[in-house]
Amino acid sequence: LNHIWTCLSWLIQSMDTAGFDDYKLEIGLLEGENPLALEYSVTFMLTLQTIFAVEPYKGNTVLESWFGSITLSLSVFISATMLSNILEIWQTANQTQTARDKTMNGVMQFMHANRIDGDLRSDILDYFEFRYGDPYVEFEKRFLDDLPSEMQARVISRLFPKALDTVAMFKGTGEMFTSQLLLRMARNPVRTMPGQIIAGQGTIGSEMFLLKSGTAEISVSRDDEVSSVRVIGPGAVFGEQSLWMDGKRTATITSIDFCQLYRLSRESLEDVLYSFPEMVPVIGAAAIAPCLRTPAFAPSLKGVSVIMSERMARRMAFHRQDFGDGETLCKSGENATCAYVVRKGKVVSEICDGRLEITNSDVRCVGFSECFLGEAYQETVKAKGVVLAYRITVEDIAEIYHSDQEAFLLQRQVAREQYNKDRSYNLQMRWAALVEGYQALKHAARGSEALMEAAIGSFGGIGKRMPSKLGLAFGGMSHPKPSVPPARAHVQFGGS
């Protein structure tokens, strides 16, 4: 392009014969004839300078002219390279800012459309400013992904030395296993603001958290009263029970200040266990033991010692049993032979030969009261969907407590109390079902006594076993309502 422009410039100037010699003198050439190479070189350099608007470099020889041209071209190349780098940096920053602006615009539109204002609006905006304000979190994730596996493990061990050593579930699993868990946690960072709930009591959880920076408060709610348990800081781990077992969280974790956490999901744990199958019973035993000591999960074992719970957990960890939808874990009236800890899935309790069905979404332990007492099962418990459980037999319990009869007698006493509570509850639920059926049949039959007797018979003559003080007159027009406690689960009435 510069060559063409040079030739055109020389041609145009040569048309002015009167001023052509003056032009040559101006650009550094002699009047009259000059060597062709000199004329071309000087004109080429001048044109290049004109195009890029730089101060003319005076060259009176071919060498000087081409030196000036090369110098000018080099300076132009360097300037263009610097400009392209600056442009690339600007574009990258602009893309990040554009993505952030799009997110914030979407948030603003959502709040405007849904009329969200006041403190809630300010909190939402503060959160998104906090969430997208530090690009280091995303860089850290990409940095780990770019490293080979061996280096990743070394970096994680350096970042979190002995981070999982305090977690009972992972004791004895080995450094390679825990480093793989930590690696997956580092790839799932979480950031929270002051006052934000990380994990809520009563919610279904399937994740474990490691607190990297900041502080958080553990609180427990009982009878509508919230009490603070303690404050945790960097290095604390929580939520490991929900990581292994389906169930509701037993405490609320709330950020006190800005916190950075790492999260381990149940899917990530299963992925690591697939590569370390020998660790499955180890983690199973470590997870079952605290479950047996938690009254919310195992009320029949309230007060069980750490040693006994660990012994039972080790037996159960090697006896996994899967149940398909509708399969029976235990049947009402049969002698108790084994108890279960339900890890995944839901079970239902059937009363009145299946006419009354209670979905026990919170129950994690089944049959322990009957096994300790040597009684028959009170309820028929079936799987609702696929259920994964761990089993312990009556013989295993007797063998474990053989060396400590005093502890066994104390545990039987707790089991008896829970057994009586369950029995009373089941009778009241049966009575509620009977009253429901009675009212329906009475309305349909308009007081027919024969159908009333049929209603009693359809529920197994429950009325004969109920206390007389309830004073239900089947032939009368009114009856007192039985005292039924708040339902512990969802109730469904079957039959017609």
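At roughly what angle do the axes of helix α8 and helix α10 cross? Point 2 takes this up. The notes below go through a predicted model.

1. **Overall make-up.** The protein has 496 residues, and 39% of them are buried. Its secondary structure comes to 17 helices and 15 strands. Take the contacts between residues at least 6 apart in sequence: 72% of these join residues at least 24 apart.

2. **Helices α8 and α10.** Two packed helices are described by the angle between their axes and the distance between the axes. Helix α8 covers residues 175-186, and helix α10 covers residues 266-275. Their axes cross at roughly 145° and come within 10 Å. The crossing of α8 past α10 is right-handed. From α8, the contact uses Phe177, Gln180, Leu181 and Arg184. From α10, it uses Ser268, Leu269, Asp271, Val272 and Leu273. By class, that gives 5 nonpolar, 2 polar and 2 charged residues.

3. **The nonpolar cores.** In soluble globular proteins, nonpolar side chains tend to be buried together. Here the largest nonpolar core has 68 residues. Those touching the most other members are Phe170, Phe177, Met312, Val341, Phe368, Phe372 and Tyr401. Look at Phe170 in detail. Beyond its neighbours within four places in sequence, Phe170 is in contact with Leu164, Phe177, Thr178, Leu181, Met208, Leu243, Leu269 and Ile283. Phe177 and Leu181 also belong to the α8 side of the helix contact, and Leu269 to the α10 side. A second core is separate and has 15 residues, including Phe209, Ala216, Ile218 and Ile232.

4. **Cysteines.** How many disulfides does the structure hold? The count is 0. Start with Cys338. The closest cysteine sulfur is in Cys371, 6.3 Å from the sulfur of Cys338, so the two are too far apart for a bond. Cys338 counts as buried, because its relative accessibility is 10%, under the 20% cut-off. Now take Cys365. The nearest cysteine sulfur belongs to Cys291, 4.2 Å away, and Cys365 is in no disulfide. A disulfide needs sulfur atoms within 2.5 Å. Cys365 is buried too, with a relative accessible area of 13%.

5. **Thr252.** This residue is found in strand β7, residues 252-255. Is Thr252 buried or exposed? At 14% relative accessibility, Thr252 counts as buried. Thr252 and Ile197 are 55 residues apart in sequence. Their C-alpha atoms are 7.2 Å apart in space. Not counting residues up to four places away in sequence, Thr252 touches Ile197, Ala199, Gly200, Gln201, Glu217, Ile218 and Ser219. One of these, Ile218, is a member of the second core.

6. **Glu207.** Strand β3, residues 207-213, holds Glu207. Its relative accessibility is 24%, so Glu207 counts as partly exposed. Which residues does Glu207 contact, leaving aside its neighbours within four places in sequence? They are Gly239, Ser242, Leu243, Arg249, Arg263, Leu264 and Ser265. Ser242 is 35 residues from Glu207 in sequence, yet the C-alpha atoms are 6.3 Å apart in space. Leu243 is also among the contacts of Phe170.

7. **Ala389.** Look in strand β14, residues 380-393, for Ala389. Ala389 counts as buried, because its relative accessibility is 0%. Met316 is 73 residues from Ala389 in sequence and 9.2 Å away in space, C-alpha to C-alpha. Setting aside residues up to four places away in sequence, Ala389 touches His319, Arg320, Gln321, Phe323, Tyr340, Val341, Val342 and Arg343. Val341 appears among the best-connected members of the largest core, those that touch the most other members.

8. **Pro281.** Helix α11, residues 280-292, contains Pro281. Leaving aside its neighbours within four places in sequence, Pro281 is in contact with Ala317 and Phe318. The C-alpha atoms of Pro281 and His319 are separated by 9.2 Å, and the two residues are 38 apart along the chain. His319 is also touched by Ala389.

9. **A backbone angle to check.** Most residues other than glycine have a negative phi. Arg115 has a phi near 55°, a positive value. Where does Arg115 lie? It lies in the loop between α4 (62-113) and α5 (118-132). Arg115 counts as exposed, because its relative accessible area is 76%.

Conventions
Residues numbered from 1 in each chain as written. Predicted model: local features only at pLDDT ≥ 70, side-chain atom pairs only at ≥ 80, totals over all residues. Heavy atoms only, no water. Axes fitted to C-alpha atoms, helices over the stretch in contact; angles between N-to-C directions. Helix = DSSP H or I, 4+ residues; strand = E, 2+ residues; numbered from the N terminus. Left-handed = near helix turned anticlockwise from the far one by under 90°. Contact = heavy atoms within 4.5 Å. Nonpolar A, V, L, I, M, F, W, Y, C, P; charged D, E, K, R; others polar. Buried < 20%, exposed > 50% of the residue type's maximum accessible area, 1.4 Å probe, protein only. Core = buried A, V, L, I, M, F, W, Y, C linked by side-chain atoms within 4.5 Å.
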